[in-house]
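Thanks for coming. I will go through one structure piece by piece, so please keep it on your screens while I talk.

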Amino acid sequence: MKVVGYANKLSLHPGENIDFMVSCQNETYHADIVRLIHGDTSQDGPGFKEEYVKTNIDGEYKGQVQEIRNGSYVAVPDTEDLKITGSLTLQAWIYPTTTTLREQTILGKWSGSDSTGYRMLISENGCLGLAFANSKTSLKISSDVPMRDGVWYFAAVTYDADKKQVSIYQIPLTIWPNEPSLAQTKTNVESIKIAKTDVPFMMAAHSYTNKSSEFLIDAKYNGKIDSPKIYSCALTEDEVYRLKNEAPANEVGDGNLVSAWTFTTNFSSSEVDDISGHDHNGLVINRPYRAMTGHLWRGQEQNYKIAPELYGAIYFHDDHLDDAGWEVGFKLKVPSNLRSGVYAARLKSNDAEDYIPFFVRPPKQTSTAPILFLVPTNSYLAYANFHWNNPGVDLTELFGDDTERKWDHPATDPDKYMVNNKLRSLYDRHTDGSGVAHSSMLRPILNMRPKYISPLLNNMKGAPHQFNADLHLTDWLEQMGHEFDVATDEDLHLEGSDLLKRYQVVLSGSHPEYWTGEMLDYLEEYLVDGGRHMYLGGNGYYWVTSYGTDSTHSIEVRRHRGTEAWEAAPGEYYHQSTGELGGLWRFRGRPPQQLVGVGFTSQGFDVSNPYRKSEKSKDPRVAFIMEGVDEGEEFGDYGLVQGGAGGFEIDRADIELGTPPHALVLATTDGFSDVYQHVIEEVLLNDGLQGGTVNPLVRGDMVYYEGPNNGAVFSTGSISWCGSLSHNNYNNDVSKITDNVLKRFVSEE
Ligand SMILES: [Fe+2]
């Protein structure tokens with residue numbers, strides 16, 4: 001990407017400030033602000049539409065290249081007693097997951113700039129080792145057998161300066177006969193005085209500085225660390241084995257314990273406690289996973305709050321990124337008269353461009369229209385930089401014989417940027433193959449852009465999804481003359497149902513999948529209070545989602561028992577941020593059918609279909625919806641998302657799951673190919689009869705029902721729906737139905 005950036009917030013009020021961070025390979029770039037109207041460049045639709053907005057940020061800016069620097073680690077501030085120059089012991093339980101990827105630092109005070117200090121490491125061929133050095137002499141001793149991935153090891157290294165000896169203990173938690181990765185070695189070495197360094201003591205990486213004196217990390221470790229300790233003496237073999245047998249750290253080493261860290265506290269914060277009494281407390285950087293099963297966990301308990309002592313591990317990854325931390329390129333104070341809507345900073349540099357979207361709300365505590373578009377920003381974050389980093393999944397197979405296309409990814413500059421910089425979404429895997437559970441807004445999000453085409457959809461021909469697909473809706477609103485305000489998922493989570501209660505109607509986007517419990521509560525309160533909701537998407541209100549406890553810039557999802565890109569490890573289903581059970585809301589007793597009448601039942605990435613009207617569509621209760629709907633028994637056989645109004649991800653009504661008994665199913669979309677499979681969370685016996693050609697549950701239902709206090713809900717049950725609104729110059733039944741419902745919901749009637 002010649003020019004690329006991100007903003008420090010997604011949503012703000014007029015009069016507030018927003019910072020834009022920009023990386024540019026050229027000398028300069030031009031920036032201005034646009035209102036985004038329609039982002040889909042397809043020739044089958046109305047085309048790209050934006051509107052220039054004059055602001056004081058218009059102009060040329062100096063370009064500078066800014067890098068993505070990922071990797072999670074712990075840093076403990078430098079102190080004098082951590083500057084050990086002679087005998088020492090480093091010990092931890094470790095669970096490495098990429099043993100032979102490269103050399104990796106586990107613990108130590110090591111200056112990568114001049115290769116001095118000390119550290120426990122995994123050598124590039126996967127063996128536990130100790131490195132220690134001064135400016136003249138550098139020693140690196142490692143065991144002679146590689147460790148195995150995904151196995152707990154008791155790891156200890158000692159350097160005895162008097163005996164001139166290095167001992168290494170690489171002992172698997174479970175020792176099999178002829179265990180190939182067990183090692184216990186003693187090596188004679190020369191005695192050296194280890195150089196004092198003033199770098200932090202670090203875990204899961206070490207630091208160095210570049211020519212610009214920037215603090216950077218190297219030798220990034222993938223895996224878990226549990227109960228790390230350091231002594232300023234060489235523990236005897238007997239003492240090392242007492243540690244292995246769980247002796248308290250301060251009961252060995254004759255008072256030479258320098259630090260013993262525990263990860264069984266501060267699960268939801270960045271702090272790491274030293275329990276040695278020496279206060280070498282640390283901070284985790286780039287939000288590694290906490291509340292992770294440690295070496296003591298044997299399935300005794302699933303909830304870390306009940307048995308925190310079993311959850312002594314932090315799981316580090318070389319591709320974690322919580323905040324890219326780029327320098328600010330320019331700042332915008334949103335003009336006080338700017339109307340609520342979808343905006344972007346438009347960056348241009350020679351022939352390159354990027355758009356950084358943001359959402360402008362009405363002035364605080366007010367509404368400026370009867371309609372609220374609740375922008376599903378949590379979904380944008382969950383899918384942020386989705387690049388199918390799912391080793392072992394052959395995506396072409398998803399399509400059977402229905403496509404002749406081959407999966408060619410990454411093909412575009414944005415897709416290459418995501419892949420090359422390891423910018424993971426909650427659908428991707430980490431370098432070691434485990435699932436990605438955190439996603440932050442403080443980094444470039446290349447698929448949250450107008451013009452972006454999600455390459456897998458539409459039989460691999462591509463189609464808009466998420467942000468760019470939701471512009472189908474905002475364009476239609478504008479075209480049809482419906483005035484609307486915007487607010488984001490985060491706004492609802494922070495402000496509560498009062499935000500919704502300022503509006504006659506709340507519109508979802510095409511895929512509001514990632515909701516917090518608070519958000520569900522607030523929408524329920526709004527609906528009980530007589531609110532009206534149009535759920536214009538599919539697979540909504542699905543995953544238990546949380547924000548960090550001290551900030552909402554990042555979301556957490558622990559995938560479990562759903563239709564999913566990965567599965568959390570046993571014992572790790574509870575969110576580190578809130579302590580709540582992760583997984584699907586339905587398995588916490590809150591299926592989407594209870595909220596909006598329909599819930600996820602199938603997905604397919606080949607073709608979307610039309611809807612067929614039901615007998616219930618003639619019910620006088622819904623006459624206002626069907627007025628002027630004249631395409632015939634079937635409608636919606638067109639659209640910019642897989643060629644139909646029903647499809648991609650579809651939801652069905654189900655009384656047993658909570659669809660209200662008086663709900664009317666007005667129309668159904670079905671007849672899908674076997675690329676559409678019934679959702680896995682409902683398949684109790686794999687009978688081979690789950691595909692769209694044979695399973696009646698593979699369908700999408702359009703539902704309407706009245707709520708308490710003159711409220712109402714209308715749900716389409718399909719992600720594709722909004723992609724059909726603009727067909728035939730906005731003159732079609734999908735548009736007509738949406739318009740009929742919206743006009744009635746806005747009215748007092
Ligand atoms: Fe989804």
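Let me start with one pair of residues: Lys613 stands opposite Ala667 in strand 41. Strand 41 covers residues 664-669, and strand 38, residues 611-613, pairs with it in the antiparallel sense over two bridges. Strands here are DSSP runs of E of at least two residues, helices are runs of H or I of at least four residues, and both are numbered from the N terminus. Two strands pair if DSSP finds at least two bridges between them.

Before going further, a word on the source. This is a predicted model: local features need pLDDT of at least 70, side-chain atom pairs count only at pLDDT 80 or more, and totals for chains, interfaces and linings use all residues. Residues are numbered from 1 along each chain as its sequence is written.

Back to the strands. Strands 38 and 41 belong to an open sheet of nine strands, in the order 30-28-31-33-44-43-41-38-39, with mixed pairing. At the edges stand strand 30 (484-488) and strand 39 (634-635), and each has a single partner strand, so one side of each is left without a neighbour in the sheet.

There is also an open sheet of three strands, ordered 29-36-35, where the pairing is antiparallel. Its edge strands are strand 29 (438-440) and strand 35 (546-547), each pairing on one side only. Strand 35 is joined to strand 36, residues 554-556, by two bridges. Within that pair, Ser546 stands opposite Glu556.

Now the division of the chain. Domain 1 is 3-68 + 324-361, domain 2 is 73-316 and domain 3 is 373-746; such bounds come from an automatic or database domain assignment. The contact between domain 2 and domain 3 takes 18 residues from domain 2 and 16 residues from domain 3. Contact is meant in this sense: the C-beta atoms of two residues, placed from the backbone, lie within 7 Å. The C-alpha centres of these two domains lie 44 Å apart.

Next, helices. Which residues of helix 8 are buried? They are Met519, Tyr522, Leu523, Tyr526 and Leu527. A residue is buried if 20 or more other C-beta atoms lie within 10 Å of its own, exposed if 12 or fewer, and partly exposed in between, with C-beta atoms placed from the backbone. Seen down the axis, the buried residues of helix 8 fall within an arc of 135°, so they line one face of the helix. The arc is that of the directions from the helix axis to the C-beta atoms. As background, an α-helix has 3.6 residues a turn, so residues three or four places apart point the same way. After helix 8 comes Gly530, with a positive phi near 100°.

Helix 1, residues 237-244, has Glu239, Val240 and Leu243 buried. Those buried residues fall within an arc of 100° seen down the axis of helix 1, so they too line one face. Their cover includes strand 8 (88-96), strand 13 (153-160) and strand 14 (165-172). Glu246 follows helix 1, and its phi is positive, near 70°.

Last, one residue in strand 15 (residues 183-188): Thr187. Why does Thr187 count as partly exposed? Because it has 15 C-beta neighbours inside 10 Å. Leaving aside neighbours within four places in sequence, Thr187 is in contact with Ile141, Gln165 and Val166. Thr187 and Leu507 are 320 residues apart in sequence and 69 Å apart in space, C-alpha to C-alpha.
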